[in-house]
Amino acid sequence: MGLINSTESSKIVSIVKGKFTIRLPEDSDNPSAVTRTLEQGVNAGKEIKELQYKALEGSYVTSYIDEGEYGTNYITELRDDEGDSFKLRINLDSQFFSQYAKRIPNIKKDVPIFFGLGYDKEKEKNFLFIRQQGVNVPFAYTRENPNGLPPPEEKEVRGKKVWNWEAQEQFLYDVAIDFSDNQSATEKVIEKFNAKETEDIPF
């Protein structure tokens with residue numbers, strides 16, 4: 001099963017307010033659609049329609065970095081039991097990417113991956129968790145066992161002490177790149193186009 005609580009699947013799946021969501025066309029009459037008002041950007045105040053899911057699961061296909069108009073995202077493409085594929089899009093600046101990347105060394109590409117979202121009442125934040133074969137995939141990097149993960153560095157900026165996370169963010173980015181196919185979205189489009197052109201050559 002792919003996206004859980006519906007049999008539908010789509011290409012792009014985002015995380016919005018603790019739900020996995022799929023944006024729908026404005027004229028969609030899907031009875032499962034949920035209306036949401038955009039709160040940021042040039043389209044703030046605009047109402048959109050989307051499908052919302054509590055989890056998604058599928059077999060790993062590929063992953064890569066996608067640099068778009070609204071930031072840089074880590075894309076993970078999955079395929080469900082029915083052969084439908086969908087792409088989980090996680091922004092590199094989000095907490096969800098960190099929670100994903102810290103588990104990557106413990107993720108098996110040849111075993112279906114379950115992505116879920118929970119809510120931490122104490123911190124009042126949503127969080128991402130991952131399971132494989134019914135077992136939670138643990139962090140490979142923790143405070144007690146960093147395994148090479150750089151700690152944040154305290155530095156002074158304009159007379160105030162702040163925490164700098166750049167080294168840790170770069171480390172997790174490198175972990176994700178090593179796990180991926182090391183291709184950008186643009187390179188993948190070019191590769192698929194060239195493959196199609198080759199197929200169309202009649203000799």
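Student: Which residue does the side chain of Glu-39 meet in a salt bridge?

Tutor: Good place to start, and keep in mind that this model is predicted. Side chains of opposite charge can pair when their charged atoms come close. Here the N to O distance is 2.7 Å, and a salt bridge needs the two atoms within 4 Å. The partner of Glu-39 is Lys-17.

Student: How many residues apart in sequence are the parts that Glu-39 and Lys-17 tie together?

Tutor: Glu-39 sits in the loop between β4 (34–37) and β5 (47–53). Lys-17 sits in the loop between β2 (12–16) and β3 (19–23), so the pair links parts whose separation in sequence is 22 residues.

Student: Is Lys-46 buried, partly exposed or exposed?

Tutor: Lys-46 meets Glu-26 in a salt bridge at 2.9 Å, N to O. Glu-26 has a relative accessible area of 62%, so Glu-26 is exposed. For Lys-46 the relative accessibility is 31%, and because buried means under 20% and exposed over 50%, Lys-46 counts as partly exposed.

Student: Which strands hold Glu-50 and Arg-36?

Tutor: The side chains of these two residues also form a salt bridge, with 2.9 Å from N to O. Glu-50 and Arg-36 are both buried. The pair ties together parts 14 residues apart in sequence, because Glu-50 lies in strand β5 and Arg-36 in strand β4.

Student: How many salt bridges are found in the whole structure?

Tutor: We have met Glu-39 with Lys-17, Lys-46 with Glu-26, and Glu-50 with Arg-36. A search of the whole structure gives a total of 3.

Conventions. Residues are numbered from 1 along each chain as its sequence is written. This is a predicted model: local features need pLDDT of at least 70, side-chain atom pairs count only at pLDDT 80 or more; totals for chains, interfaces and linings use all residues. Side-chain values use heavy atoms; hydrogens and water are left out. Helices (H or I, at least four residues) and strands (E, at least two) are DSSP runs, numbered from the N terminus. Buried means under 20% relative accessible area, exposed over 50%, partly exposed in between (1.4 Å probe, protein chains only).
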